[in-house]
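Visitor: Could you walk me through this structure slowly, and tell me how each term is justified?
Guide: Gladly; let us look at it together first.

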Amino acid sequence: MIETQDMDLVVVKRMFLALVLFSLLKETNVWSVAERFQLSRGFVQTLLSSASAFCSCVLHFTEELEEFWPYKALLMELTRRLSYCVKAELIPLMEVAGVLEFRAKQLYNAGYKTLTHLANADPAVLCRTIENLFKKQAHLMVASAKMLLNEKAAALQEEVEELLTLPADLPPQL
């Protein structure tokens with residue numbers, strides 16, 4: 001009987017932690033989640049980083065086994081959301097060097113919603129549009145966005161070339 005009660009307690013604790021993580025994924029900040037669930041902010045941050053690390057490990061596992069291909073995209077997005085803990089539309093901006101949550105929100109609200117928008121932005125206009133943004137920071141953000149965009153384009157180009165290359169073990173045509 002005691003074992004059943006212990007198992008029930010474990011299930012309840014896991015459900016509680018799942019609710020904490022769910023609240024964080026719903027774009028609630030660490031402070032308010034910690035207050036809502038009466039937990040220390042450090043515990044919530046540790047839980048978040050542990051969940052992110054575990055999700056990343058499972059993602060790498062699914063990349064190694066072809067039969068788990070459907071989980072790759074799901075886990076990739078979940079890992080990114082756990083890592084940044086922001087609204088999904090801000091994640092591409094958060095990948096830019098020097099951009100944290102507040103700056104990503106500023107950029108998004110100013111109309112720079114994608115990496116392409118930011119990569120093609122004029123740093124001088126960015127400085128005028130975004131409050132407390134210095135010219136050097138604007139240049140670094142634009143340069144970082146361009147680099148990320150080029151990396152993504154190169155990866156896609158490699159994938160296209162791989163798809164269009166005839167396989168070496170192609171059966172002979174009759």
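**Reasoning from values to words**

Guide: Please keep in mind that this is a predicted model, and let us begin with Ala124, which lies in helix α8, residues 123-129.

Visitor: Why is Ala124 called partly exposed?

Guide: Its relative accessible area is 25%, and since buried means under 20% and exposed over 50%, with partly exposed in between, Ala124 is called partly exposed because its value falls between those two limits.

Visitor: How far apart are Ala124 and Lys135 in sequence and in space?

Guide: They are eleven residues apart in sequence, and their C-alpha atoms are 6.7 Å apart in space.

Visitor: How do you know that the span of helix α3 is close to the expected one?

Guide: Helix α3, residues 41-64, has 24 residues and reaches 35 Å from its first C-alpha to its last, which is close to the 34 Å expected at 1.5 Å a residue. The buried residues of α3 include Val44, Leu47, Leu48 and Cys55.

Visitor: Which residues touch the most other members of the largest nonpolar core?

Guide: This core has 22 residues, and those that touch the most other members are Val96, Leu107, Leu118, Leu126 and Met141. Its largest share, five residues, comes from α9.

Visitor: What is Met141 in contact with, leaving aside its neighbours within four places in sequence?

Guide: Among its contacts are Val96, Leu107, Leu118 and Leu126, together with Arg103 and Leu133. Apart from this core lies another, of 17 residues, including Phe37, Leu47, Leu48 and Leu75.

Conventions: Residues numbered from 1 in each chain as written. Predicted model: local features only at pLDDT ≥ 70, side-chain atom pairs only at ≥ 80, totals over all residues. Heavy atoms only, no water. Core = buried A, V, L, I, M, F, W, Y, C linked by side-chain atoms within 4.5 Å. Buried < 20%, exposed > 50% of the residue type's maximum accessible area, 1.4 Å probe, protein only. Helix = DSSP H or I, 4+ residues; strand = E, 2+ residues; numbered from the N terminus. Contact = heavy atoms within 4.5 Å. Expected span 1.5 Å × (residues − 1).
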